[in-house]
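Welcome! Here is a short tour of two pockets and one pair of packed helices.

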Amino acid sequence: MRPVWRVADVRAAEAGLMATLPPGALMHRAAAGLARRCALLLGDRGGVYGARVLLLVGSGDNGGDALFAGAHLARRGVAVAALLLSPGRAHAEGLAALRAAGGSVVDRPPAGADLVVDGIVGIGGTGGLRDTAEQLAASLTGHLGRDGRRATVVAVDVPSGVEVDTGHVPLTDAGRPRAVRADVTVAFGALKPALAVGPAAELAGEVELVDIGLTPWLRGTPALQVIELTDVVDWWPVLGASSEKYSRGVVGVATGSATYPGAAVLSVAGALAGPTGLVRYAGSAKGEVLHQHPSVIATGRVADAGRVQAWVCGSGLGTGEDSAAELRAVLAAPVPVVLDADALTLLVDGKLAGRLRGRDAPIVVTPHDREYARLCGEMPGEDRVAAALRLAAWMNAVVLLKGARTVIGTPDGRAYSNPTGTPALATGGTGDVLAGLLGSLLAAGLAPERAAGAAAYLHGLAGREAARGGPVTAPDVATALRPVLARLG
């Protein structure tokens with residue numbers, strides 16, 4: 001996993017490292033890494049020599065990074081122009097280096113550019129871009145390169161205007177982000193929350209982390225960690241010569257209803273794609289489930305299902321008294337449970353919510369924002385990591401807060417984010433597939449936070465895989481899970 005650090009931790013680490021280095025050395029390291037990535041991007045667009053680069057330069061160290069990187073590029077034959085947003089406060093040494101290398105300063109954006117470097121505001125910025133800078137950022141799509149394509153936008157450390165510690169993005173009255181939308185962000189020394197969570201992560205584009213020697217100086221606990229494929233591979237259960245269906249784990253699925261049989265079919269499909277050896281279904285949609293999935297053992301009630309190592313409950317279950325009785329039976333079982341959709345609605349009932357605190361076995365809940373609001377009385381707000389952790393502590397459960405960058409919070413204060421999310425998953429039934437897969441991972445013996453992280457990661461990959469064929473439906477995602485899981489090796 002990749003650790004993500006808050007601004008205060010990054011600042012403290014920078015101060016410690018800079019005390020051991022000659023003045024300006026850290027900025028030169030950052031600028032060299034930035035220039036290298038810019039040169040690679042220009043190489044993909046027709047070559048470095050003769051390319052046109054526009055630097056958007058603010059008054060802070062980000063502006064200095066951009067100017068020194070521009071000097072590197074100018075020495076390689078790039079036509080570099082710097083637009084100073086605060087001319088009297090630009091980084092003096094960086095500006096001198098750019099001019100000495102043959103770069104120029106302009107008072108308005110040039111007609112075109114192959115690449116635009118966003119050095120307006122760094123990790124110290126708050127409140128979004130001011131009007132002039134926001135309008136400049138919004139105009140970047142009008143810059144065209146030598147090849148006739150839109151200029152590539154590269155952000156320095158973070159896209160200017162985002163709230164760095166939360167990933168929140170302030171909006172204009174017209175609904176535009178008060179922030180730069182980057183194609184690539186070159187981050188220095190450490191990932192920041194805005195590169196991993198919230199709408200800011202979508203504005204960051206592809207993120208490259210440049211090592212400037214900061215890691216040994218980062219102290220304390222990361223704000224969160226980003227899950228990677230290698231983590232999922234390490235966590236995945238390994239089959240042995242003696243493996244059989246019961247030793248691989250049995251997952252129970254209490255979902256769907258006569259009104260919503262599809263939810264049962266989809267959640268069972270997600271469970272079957274996972275690593276467990278057997279799926280037991282309990283509910284009134286057993287006819288549809290057996291028709292679609294004949295390997296499943298199906299009964300009408302949780303009480304009749306037999307022994308399982310984990311339960312999945314809620315998708316399409318309904319909210320009547322019969323549904324509440326099934327949820328009570330699931331919560332009474334001494335095994336991990338996944339609570340999704342209608343189960344979360346039923347938990348708003350104080351009597352059912354009280355049953356959570358008495359459980360010894362783990363609970364994982366999977367709310368989207370509206371379900372979170374029903375549980376907490378308010379939307380997650382600007383800080384999704386803090387929101388997930390609050391709910392996790394209150395419910396004594398692992399929380400999988402669904403979204404473009406799904407956040408996972410644990411009762412003891414750890415947080416994780418999933419980088420594979422896609423808008424293609426914003427369609428009915430995909431959450432049912434996710435819940436089933438998550439239950440299968442719990443039944444196979446994964447710790448709740450690992451099961452949640454692996455399920456979110458693989459579900460996102462399946463959504464991307466399914467989207468290659470056009471508009472996505474939930475059955476497409478369930479089908480795409482199989483080749484995605486096969487690649488785990």
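## The second largest pocket

In this predicted model, 33 residues line the second largest pocket, and Gly60, Asp61, Asn62, Val121 and Gly122 are the ones nearest its centre. Two or more lining residues come from each of these elements: helix H1 (7–18), helix H2 (25–43) and helix H3 (61–74). H2 gives the most, with four residues.

The volume of the second largest pocket is about 710 Å³. Sorted by class, its lining holds 14 nonpolar, 12 polar and seven charged residues.

## The largest pocket

Now for the largest pocket, which encloses about 950 Å³ of space. It is lined by 43 residues, and those closest to its centre are His368, Lys402, Gly403, Leu425 and Ala426.

Several helices contribute at least two residues each to this lining: H6 (198–204), H11 (342–347), H13 (369–376), H15 and H16 (448–467). By class, the lining of the largest pocket has 11 nonpolar, 21 polar and 11 charged residues.

## Where H8 meets H15

Helix H15, which helps to line the largest pocket, also packs with another helix. The axes of H8 (residues 261–273) and H15 (residues 430–443) come within 6 Å and cross at roughly 40°, which means that H8 is oblique to H15. The crossing of these two helices is right-handed.

On the H8 side, the residues in contact are Ala263, Leu266, Ser267, Gly270 and Ala271; on the H15 side they are Asp432, Val433, Gly436, Leu437 and Ser440. By class, this contact of H8 with H15 has five nonpolar, four polar and one charged residues.

Notes: Residues numbered from 1 in each chain as written. Predicted model: local features only at pLDDT ≥ 70, side-chain atom pairs only at ≥ 80, totals over all residues. Heavy atoms only, no water. Axes fitted to C-alpha atoms, helices over the stretch in contact; angles between N-to-C directions. Parallel < 35°, antiparallel > 145°, perpendicular 65-115°, else oblique. Left-handed = near helix turned anticlockwise from the far one by under 90°. Contact = heavy atoms within 4.5 Å. Nonpolar A, V, L, I, M, F, W, Y, C, P; charged D, E, K, R; others polar. 1 Å grid on protein atoms, 1.4 Å probe; cavity = no way out; pocket = protein on both sides within 12 Å on 5 of 7 lines; lining within 4 Å. Points joined across faces, edges and corners; volume = space filled by probe spheres on them.
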